[in-house]
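User: Please take a close look at one strand in this model and at what surrounds it. After that, go through the neighbouring helix pair and a few individual residues that deserve a check.

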Amino acid sequence: AKEAGRDAVRFFDPAMEEAANHKGQILGEMRQSIFNNEFVLHYQPQLDLSTEKLIGFEALVRWKHPKRGMIPPLDFIPIAEESGLILPLGSWVLEQACLEAAKWPANTYVAVNVSAIQIERSDFLSEVKAVLQRTQLPPERLEIEITESVLMTDQTPAFSFLMGLKEIGVKIALDDFGTGFSSLSYLQNLPLDKIKIDQSFINLSDTDDKACAIIRTITQLAEALQLNTIAEGIERNGQYKLLSELGVNSGQGYWYARPMPAEEITAFIEGKKAL
Ligand code: C2E
Ligand code: CA
Ligand code: CA
Ligand code: CA
């Protein structure tokens with residue numbers, strides 16, 4: 001117990017302590033689970049909006065917890081980033097995604113999410129090269145998704161990492177575009193291939209004129225800078241039609257397909273071909 005002044009933070013807050021315990025527990029379990037093969041990747045299809053053809057998949061990690069079931073990434077990625085566990089986890093994700101993608105048709109790619117910490121604290125470029133070598137996936141069939149947070153702290157490691165990727169032919173997408181602060185200077189300075197328009201705009205695109213205007217402007221900007229665009233979180237046919245009219249190049253979302261386990265991909269591709 002502590003002498004609590006008028007504005008003092010309560011020393012013993014049961015809710016806070018519970019939250020901290022919970023976090024500690026998750027962390028302990030996560031350390032173990034990397035070795036127990038409890039992580040799985042699901043893959044969400046991406047399509048070209050003008051041809052409606054499948055072009056690739058985004059790899060999204062899930063934790064198949066033996067007792068608590070499937071845990072979504074937002075419940076453990078932040079803890080993994082804070083603790084550094086994102087390093088082994090992220091390495092596993094990259095290798096697994098490239099292994100899978102090497103089995104897919106040659107005209108498809110896999111997009112992999114990468115955290116800032118992976119770029120700052122490891123020689124991630126060498127790792128990417130080694131994984132491509134081991135899995136025999138052509139570099140053009142790998143896309144790395146980064147967010148602005150990668151560029152927030154020290155831009156130097158991020159910049160040389162991205163230049164290195166560019167040199168070997170790996171594609172780079174800027175994720176969650178429109179939600180950060182200084183996006184425009186990044187578009188000017190970084191070797192990007194694609195802008196991923198954040199799903200918050202897509203979500204409102206068919207009902208809110210302002211969201212629609214923002215998407216239109218991002219698309220025109222991307223076109224002027226010779227960057228590709230992708231819309232994430234397309235849920236309705238009306239949104240798809242609108243985005244395609246606005247000239248957004250590609251998209252993904254529940255409207256087209258939900259993320260699926262690797263075992264379902266072949267059937268999905270065959271089903272699409274039959275259309
Ligand atoms: P994100 O990269 O922005 O991924 C898009 C999220 O939107 C995914 O959630 C996806 O399942 C979801 N989504 C797709 N289509 C729709 C739709 O039509 N409507 C709605 N409402 N949602 C849709 P998920 O799989 O829960 O992933 C959440 C976030 O976790 C990702 O956001 C990404 O930031 C992070 N994440 C996932 N996998 C990895 C990973 O391997 N490494 C890292 N560092 N982060 C990851
Ligand atoms: Ca992403
Ligand atoms: Ca995103
Ligand atoms: Ca996001």
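**Strand 5 and its surroundings**

Analyst: Both faces of strand 5 are covered: Leu142, Ile144 and Ile146 are buried on one side, and Glu143 and Glu145 are buried on the other. The model is a predicted one, and what follows should be read as a description of that prediction. Strand 5 spans residues 142–146, and five of its five residues are buried, so the strand is largely enclosed by the rest of the structure. Buried here stands for a relative accessible area under 20%. Glu143 and Glu145 meet that condition too, on the side of the strand opposite Leu142, Ile144 and Ile146.

The pairing of strand 5 comes next. Strand 4, residues 109–113, is joined to strand 5 by four bridges, and the two run parallel. Within that pairing, Ile144 of strand 5 has Val112 opposite. Strand 5 is also joined to strand 6, residues 171–177, again by four bridges and again in parallel. Here Ile146 has Leu174 of strand 6 as its bridge partner. Ile144 and Ile146, which take part in these pairings, both belong to the side of strand 5 that also holds Leu142.

Strand 6 contains a residue with a backbone angle worth checking. Asp176 is found in this strand, and its phi is near 55 degrees, a positive value in a residue other than glycine. With a relative accessible area of 28%, Asp176 is partly exposed.

A second residue of this kind is Gln136, in the loop between helix 5 and strand 5. Gln136 is not a glycine, yet its phi is positive, at about 60 degrees. Its relative accessible area is 59%, so Gln136 counts as exposed, whereas the residues of strand 5 are buried.

On the other side of that loop is helix 5. Helix 5 covers residues 124–135 and packs with helix 3, residues 86–101, at an angle of about 30 degrees, their axes being 9 Å apart. Angles under 35 degrees count as roughly parallel, and helix 3 and helix 5 are therefore described as roughly parallel to each other. Their crossing is right-handed. From helix 3, the contact involves Ser91, Leu94, Glu95, Cys98 and Leu99; from helix 5, it involves Phe124, Glu127, Val128, Val131, Leu132, Arg134 and Thr135. Sorted by class, this contact has seven nonpolar, two polar and three charged residues.

Two glutamines elsewhere in the chain can be set beside Gln136. Gln44 lies in strand 1, residues 39–48. Its relative accessible area is 7%, so Gln44 is buried. Leaving aside neighbours within four places in sequence, Gln44 is in contact with Gly56, Phe57, Glu58, Leu60, Gln252, Gly253, Tyr254, Ala257, Arg258 and Pro259. One of these, Arg258, is 214 residues away along the chain, and the C-alpha atoms of Gln44 and Arg258 are separated by 5.8 Å.

The other glutamine, Gln239, has its place in helix 11, residues 237–246. At 0% relative accessibility, Gln239 counts as buried. With neighbours within four places in sequence again left aside, Gln239 is in contact with Ile202, Asn203, Ser205, Asp206, Gly233 and Ile234.

To return to the part requested: strand 5 is covered on both faces, and it is joined in parallel to strand 4 and to strand 6.

Terms used
Residues are numbered from 1 along each chain as its sequence is written. Chains are lettered from A and ligands numbered from 1 in the order in which they are written. This is a predicted model: local features need pLDDT of at least 70, side-chain atom pairs count only at pLDDT 80 or more; totals for chains, interfaces and linings use all residues. Side-chain values use heavy atoms; hydrogens and water are left out. Buried means under 20% relative accessible area, exposed over 50%, partly exposed in between (1.4 Å probe, protein chains only). Two strands pair if DSSP finds at least two bridges between them. Axes are lines fitted to C-alpha atoms, for helices over the stretch in contact, and angles run from 0 to 180 degrees between N-to-C directions. Angles under 35 degrees count as roughly parallel, over 145 as roughly antiparallel, 65 to 115 as roughly perpendicular and the rest as oblique. A crossing is left-handed if the near helix is turned anticlockwise from the far one by less than a right angle, and right-handed if clockwise. Contact means heavy atoms within 4.5 Å. Ala, Val, Leu, Ile, Met, Phe, Trp, Tyr, Cys and Pro count as nonpolar, Asp, Glu, Lys and Arg as charged, and the others, Gly among them, as polar.
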